[in-house]
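Reader: I am new to reading protein models. Could you walk me through one, feature by feature?

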Amino acid sequence: MSIKFNVVPRKNPRDLDAPAKYYANIVGDGKTTLNDLAKHAGTMSTVSKADILAVLESTFSKIAEDVADGKIVYVGEYFTLQAGGSSTGADKEKDVNAASIKSVKAVFRPGKMIKDALKLATFQKKA
């Protein structure tokens, strides 16, 4: 299976009069659900799909809880996940407080196993 991409034109924001250049734009193609992961793991082991699903639900629930608690969650060599965000600036340090935070997001960093898998990926232009 290959990573799909389409082609999109993009203008140079520094020179709007220049002709657009064309770029590959990677697009999602399908999805994998938690149920799919449990089903796959069930076929690879002697543990039932229901038991695996319970473990995955528990694990991801703990990951969400810990990220919301400000922890960096290391999931083996697969990925790390932590909270990140942005805030408004202030002229004085004492003026920065929790209300200064504008947004919060999850910061995902792929680990060695995911990086290695992506190095081996092939690409296919989406029809």
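Author: Gladly! Let us begin with a word we will need soon: two residues are in contact when they have heavy atoms within 4.5 Å. Please keep in mind that this is a predicted model, where local features need pLDDT of at least 70, side-chain atom pairs count only at pLDDT 80 or more, and totals for chains, interfaces and linings use all residues. Residues are numbered from 1 along each chain as its sequence is written, and side-chain values use heavy atoms, with hydrogens and water left out.

Reader: Which residues is Thr80 in contact with, leaving aside its neighbours within four places in sequence?

Author: With those neighbours left aside, Thr80 is in contact with Ile72, Val73, Tyr74, Val107, Phe108 and Arg109. Thr80 itself is found in strand S4, residues 79-87.

Reader: How are helices and strands defined here?

Author: Both are DSSP runs numbered from the N terminus: helices are H or I runs of at least four residues, and strands are E runs of at least two. In this protein there are three helices and six strands. Read from the N terminus on, the order is β-β-α-α-β-β-β-α-β.

Reader: Is Thr80 buried or exposed?

Author: The general idea comes before the case: buried means under 20% relative accessible area, exposed means over 50%, and partly exposed lies in between, using a 1.4 Å probe and protein chains only. Thr80 has a relative accessible area of 13%, so Thr80 is buried.

Reader: Where do Val73 and Phe108, two of the contacts of Thr80, lie?

Author: Val73 lies in strand S3, residues 73-75, and Phe108 in strand S5, residues 101-110. Val73 counts as buried because its relative accessibility is 12%. Phe108, at 44%, counts as partly exposed.

Reader: What else do Val73 and Phe108 touch, if neighbours within four places are left aside?

Author: Val73 is in contact with Ile63, Asp66, Val67, Phe79, Thr80 and Leu81. For Phe108, the contacts are Phe79, Thr80, Leu81 and Ile114. You can also follow C-alpha atoms: those of Val73 and Lys62, 11 residues apart along the chain, are separated by 9.6 Å. Those of Phe108 and Ala121, 13 residues apart along the chain, are separated by 20 Å.

Reader: Lys62 and Asp66 have both come up now. How do their side chains meet?

Author: They meet in a salt bridge, with 2.9 Å from N to O. The general idea is a side-chain nitrogen of Lys or Arg within 4 Å of a carboxyl oxygen of Asp or Glu. Lys62 and Asp66 both lie in helix H2 (residues 49-68), four residues apart, which is about one turn of the helix. Lys62 is partly exposed at 42%, whereas Asp66 is buried at 13%.

Reader: How many salt bridges does the structure hold?

Author: Four. One of them joins Lys4 and Asp29, whose closest N and O atoms are 3.4 Å apart. Lys4 lies in strand S1 (residues 3-10) and Asp29 in the loop between strand S2 (21-26) and helix H1 (34-44), so this pair ties together parts that are 25 residues apart in sequence. Lys4 counts as buried at 14% relative accessibility, while Asp29 counts as partly exposed at 41%.

Reader: Which residue does Lys119 form a salt bridge with?

Author: With Asp116, and there the closest N and O atoms are 3.8 Å apart. The two are three residues apart in helix H3 (residues 112-119), so about one helical turn separates them. Salt bridges that share partners join Lys112, Asp116 and Lys119 into one network. Lys119 is exposed, at 66%, and Asp116 is partly exposed, at 29%.

Reader: Let us step back to the whole protein. What does its radius of gyration tell us?

Author: This radius is taken over C-alpha atoms, and the globule rule to compare with is 2.2 Å times the number of residues to the power 0.38. Here the radius is 21 Å, well over the 14 Å that the rule gives for 127 residues, so the protein is more spread out than a compact globule. Along its principal axes, the C-alpha trace spans about 60 × 50 × 20 Å.

Reader: How much of the protein is made up of buried residues?

Author: Buried residues make up 16% of the 127 residues. As for contacts with a separation of 6 or more, 37% are between residues 24 or more positions apart.
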